[in-house]
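Good morning, colleagues. I should like to take you through one structure, with attention to its backbone, its ligand shell and one helix pair.

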Amino acid sequence: MHKKSKFGLELIDSEEKTHRVQDVFSSVAANYDLMNDLMSLGSHRLWKQRFYQVVKLTNSDVLLDIASGTGDIALHFARVNKGIHLTCLDPNKKMLDLAKDRFIDSGILENINFITQPIESFVKDNSFTCATIAFGFRNFTNQKKSLKNIYTSLKVGGKIVIMDFKSPSNSIIKEIYEKYTDFVIPRIGKYIAGDENSYKYLSDSIKTYLKPEELSDLMKEINFQNVTHETLAGDIVTIHKGYKI
Ligand SMILES: C[S@@+](CC[C@H](N)C(=O)[O-])C[C@H]1O[C@@H](n2cnc3c(N)ncnc32)[C@H](O)[C@@H]1O
């Protein structure tokens with residue numbers, strides 16, 4: 001079913017969103033890492049550095065990296081935190097295959113699992129000390145169910161850290177930012193990846209995504225404790241953290 005949101009964007013039902021998100025990431029997989037560098041002018045690497053600091057893993061952690069995509073986040077932790085137990089989860093086979101290839105190329109395969117599945121259907125009781133999601137949460141079809149499954153899958157004392165985009169609060173910055181995401185990013189997608197529509201979807205998904213306070217409230221509703229968030233990159237990225245206590 002289609003209806004218009006307050007942004008004038010088309011809202012789609014959950015089954016259609018699941019398919020559209022799958023199509024988008026299957027289409028962009030081969031150029032995903034290059035496009036990340038081009039679209040963010042390399043800044044996503046700095047944002048991820050801050051994310052790593054907030055996550056702050058130890059070598060004995062058991063990490064569930066959700067929406068692993070091509071494995072940027074997971075591979076960083078596997079390299080830095082030797083001996084870590086790591087599960088990379090993503091429903092998109094093309095994206096996850098690229099992550100697997102990167103792990104094989106890096107020679108890191110011990111204690112690493114890959115699961116091709118959406119988080120909405122994954123639960124492993126009291127199993128992980130940390131769950132990370134970078135630039136994936138806004139694509140999830142059922143965000144509440146995802147958080148519930150993550151909560152159940154964490155051990156007591158475990159934490160969740162979510163990084164994603166946000167719309168800037170300042171109206172002037174927002175206008176400039178939306179010109180960039182609405183017009184420049186889809187053009188880069190068209191010329192570099194041969195796919196304008198997928199990058200239009202990625203831009204639109206930022207506009208319809210939860211506000212930082214809304215995500216904090218949702219995390220608290222699921223019973224995550226000590227929920228905090230910070231914004232970075234001139235107010236276009238947020239990092240949320242919460243604990244299962
Ligand atoms: C933008 S990529 C992020 C990749 C990586 N975390 C990074 O930061 O580069 C988003 C990923 O979310 C995955 N995704 C979409 N829906 C999902 C779901 N329901 N459960 C888990 N992952 C999902 C997509 O397949 C895609 O690979």
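**Two positive phi values, a ligand shell and a helix crossing**

Ala-67 sits in the loop between strand S3 (62-66) and H4; helices (H or I, at least four residues) and strands (E, at least two) are DSSP runs, numbered from the N terminus. This is a predicted model, in which local features need pLDDT of at least 70 and side-chain atom pairs count only at pLDDT 80 or more, while totals for chains, interfaces and linings use all residues. Residues are numbered from 1 along each chain as its sequence is written.

Most residues other than glycine have a negative phi. Ala-67, although not a glycine, has a positive phi of about 60°. Is Ala-67 buried or exposed? Ala-67 is buried, with 26 other C-beta atoms within 10 Å. Here buried means 20 or more other C-beta atoms within 10 Å of a residue's own, exposed 12 or fewer, and partly exposed in between, with C-beta atoms placed from the backbone.

Leu-41 also has a positive phi, near 50°. Leu-41 lies in the loop between H2 and helix H3 (43-55) and is exposed, with 7 other C-beta atoms within 10 Å.

I turn to the ligand. Ala-67 is among the residues that come nearest, together with Gly-69, Asn-92, Pro-118 and Ala-134, out of 22 around the ligand; a residue counts if its C-beta atom, placed from the backbone, lies within 6 Å. Helix H1 (14-28) and helix H4 (72-80) each give two or more residues to this shell.

Finally, H2 passes H7 in a right-handed crossing, meaning that the near helix is turned clockwise from the far one by less than a right angle.
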